[in-house]
Amino acid sequence: MACGTNIWLVMLLFLAANYIQHGVHGVSQVPCLFILGDSLSDSGNNNELPTSAKSNYKPYGIDFPTGPTGRFTNGRTEIDIITQLLGFDNFIPPFANTSGSDILRGVNYASGGAGIRNETGSHSGGSISLGLQLANHRVIVSEIATRLGNPDLARQYLEKCLYYVNIGSNDYMGNYFNPQFYPTSRIYSLEQYAQALIEELSLNLVALHDLGARKYVLNELGLFGCTPGVMHFHGTNGSCVEEQNAAAFDFNNKLKSLVDQFNNRFSANSKFIMITAPKALDNAHGFLVSDAACCPLGCNPDQKPCNNRSDYVFWDEVHPTEAWNLLNAISAYDSMIDPAFIYPMDIKHLVDWEIERVLEFTNETTPQLSSTE
């Protein structure tokens, strides 16, 4: 990554290296990781799709070890970094190319342009919606059952995995706020639309639960009204589009309620946490540029991006830089960095949650056993 003056980034890089170094080589904190989402997590699923939502060309991947892969940023995505913090030796492969990879370690189903709703992003040529990603996961679950010998063993294994879900922004940017392509803004008020999205997301999360998911990491929507692309489209001269941010806030409030609801409903054997979005994109964490893209105007093939990438929040008109992803990933993994980034517990504690739950049960029952002896 190009050199910059971001002291926060230097600290985060040190912390990340320390976490990874102190992990046991070849032993991850969870046996497997499954990823569902959109371009914020896509690692190559769109490369062969008939869509304009692609990023498998330079300058995308300019800071990634192997160059362009289909990731919509200059380097690693947020979930790439979380994968490393969890101790995985390799990044989780995209569903479109699991050849030579061990699917028992997990699969990435995320697709650029995808949404919770099936039609979202279709004006760009198509993507893999959340429902279709779930269908792809069923294919992998079937293959895992074959590998392990039977569905019961597969379920026991899959219950130990981590499930990361980061999706919903395109349902606004690539659907509701695109009335020339989609009728949703004429059918729903913003509040009604957010509720409809949460209800559909809920159904998909329950379906994941039926397939064995027990540890969930959900993501709030970022302030897409503050993305350079949206601000440029609305001609706000660098000011955020408040109507779009209000939509994100409404969705996020409902998502938090869903997390609470599911933690009560599935309290016996499951845990849901949520990575929260910053309430404002300011310079508090050392990012000098939050209202412009490092690779602007479409980030076209072989376009020259900025050199000081670590000073920028945004890589292109809508996607964050690796530096911003690093801040969010480490804060989500360890809430000691910034407790406001995660609810109700961080990823580090989530992966230990089952062990802690067993210990609590043991401590509660031990006195009762002693009193009956």
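The exercises below, each with a worked solution, concern the salt bridges, nonpolar cores and disulfides of a predicted model.

In this model, local features need pLDDT of at least 70 and side-chain atom pairs count only at pLDDT 80 or more, while totals for chains, interfaces and linings use all residues. Residues are numbered from 1 along each chain as its sequence is written, and side-chain values use heavy atoms, with hydrogens and water left out.

**Exercise 1. Determine which parts of the chain the salt bridge of Arg309 and Asp63 ties together.**

Step 1. The criterion for a salt bridge is a side-chain nitrogen of Lys or Arg within 4 Å of a carboxyl oxygen of Asp or Glu. Searching the whole structure gives nine salt bridges.

Step 2. For the side chains of Arg309 and Asp63, the N to O distance is 2.7 Å, and the two meet in a salt bridge.

Step 3. Arg309 belongs to the loop between strand S6 (289-293) and strand S7 (312-314), and Asp63 to the loop between strand S1 (33-37) and helix H2 (78-85), so the bridge ties together parts that are 246 residues apart in sequence. Helices (H or I, at least four residues) and strands (E, at least two) are DSSP runs, numbered from the N terminus.

Step 4. Arg309 and Asp63 are both buried. Here buried means under 20% relative accessible area, exposed over 50%, and partly exposed in between (1.4 Å probe, protein chains only).

**Exercise 2. Identify the network that salt bridges with shared partners form around Lys254.**

Step 1. Glu191 and Lys254 form a salt bridge through their side chains, at 3.0 Å from N to O. Because Glu191 lies in helix H7 (residues 190-210) and Lys254 in helix H9 (residues 242-265), this pair ties together parts that are 63 residues apart in sequence.

Step 2. Glu191 is partly exposed, at 41% relative accessible area, whereas Lys254 is buried, at 14%.

Step 3. A salt bridge also links the side chains of Asp250 and Lys254, with an N to O distance of 2.8 Å. These two residues are four apart in helix H9, and so about one helical turn separates them.

Step 4. Through shared partners, the salt bridges join Glu191, Asp250 and Lys254 into one network.

**Exercise 3. Describe the largest nonpolar core and the contacts of Leu201.**

Step 1. A nonpolar core is a set of buried Ala, Val, Leu, Ile, Met, Phe, Trp, Tyr and Cys residues joined through side-chain atoms within 4.5 Å. The largest core has 50 residues, of which Phe34, Tyr172, Leu201 and Phe251 touch the most other members. H7 gives the most to this core, namely nine residues.

Step 2. Contact requires heavy atoms within 4.5 Å. With neighbours within four places in sequence left aside, Leu201 is in contact with Ile116, Leu130, Val165, Phe251, Leu255 and Leu258.

Step 3. Another core lies apart from the largest one and has 26 residues, including Ile35, Ile82, Ile273 and Ile347.

**Exercise 4. Characterise the disulfides Cys32–Cys161, Cys226–Cys240 and Cys294–Cys306.**

Step 1. A disulfide is a pair of cysteine sulfur atoms within 2.5 Å, and the count under this rule is four.

Step 2. The sulfur atoms of Cys32 and Cys161 are 1.7 Å apart and form a disulfide. The link of Cys32 and Cys161 is left-handed, with -60 degrees about the S-S bond. Cys32 is in the loop between helix H1 (7-22) and S1, and Cys161 in the loop between helix H4 (151-158) and strand S3 (162-166), so the pair ties together parts that are 129 residues apart in sequence. Cys32 is buried, with 0% relative accessible area, and Cys161 is buried at 0% relative accessibility.

Step 3. Cys226 and Cys240 are joined by a disulfide with an S to S distance of 2.0 Å. The torsion about the S-S bond is about 110 degrees, so the disulfide of Cys226 and Cys240 is right-handed. Cys226 counts as buried at 4% relative accessibility, whereas Cys240 is partly exposed at 27%.

Step 4. The disulfide of Cys294 and Cys306 has an S to S distance of 2.0 Å and, with -105 degrees about the S-S bond, is left-handed. Cys294 and Cys306 are both in the loop between S6 and S7, twelve residues apart, and both are buried.

Step 5. With the bonded cysteines of the protein numbered in sequence order, the pairing reads 1-2, 3-4, 5-8, 6-7.
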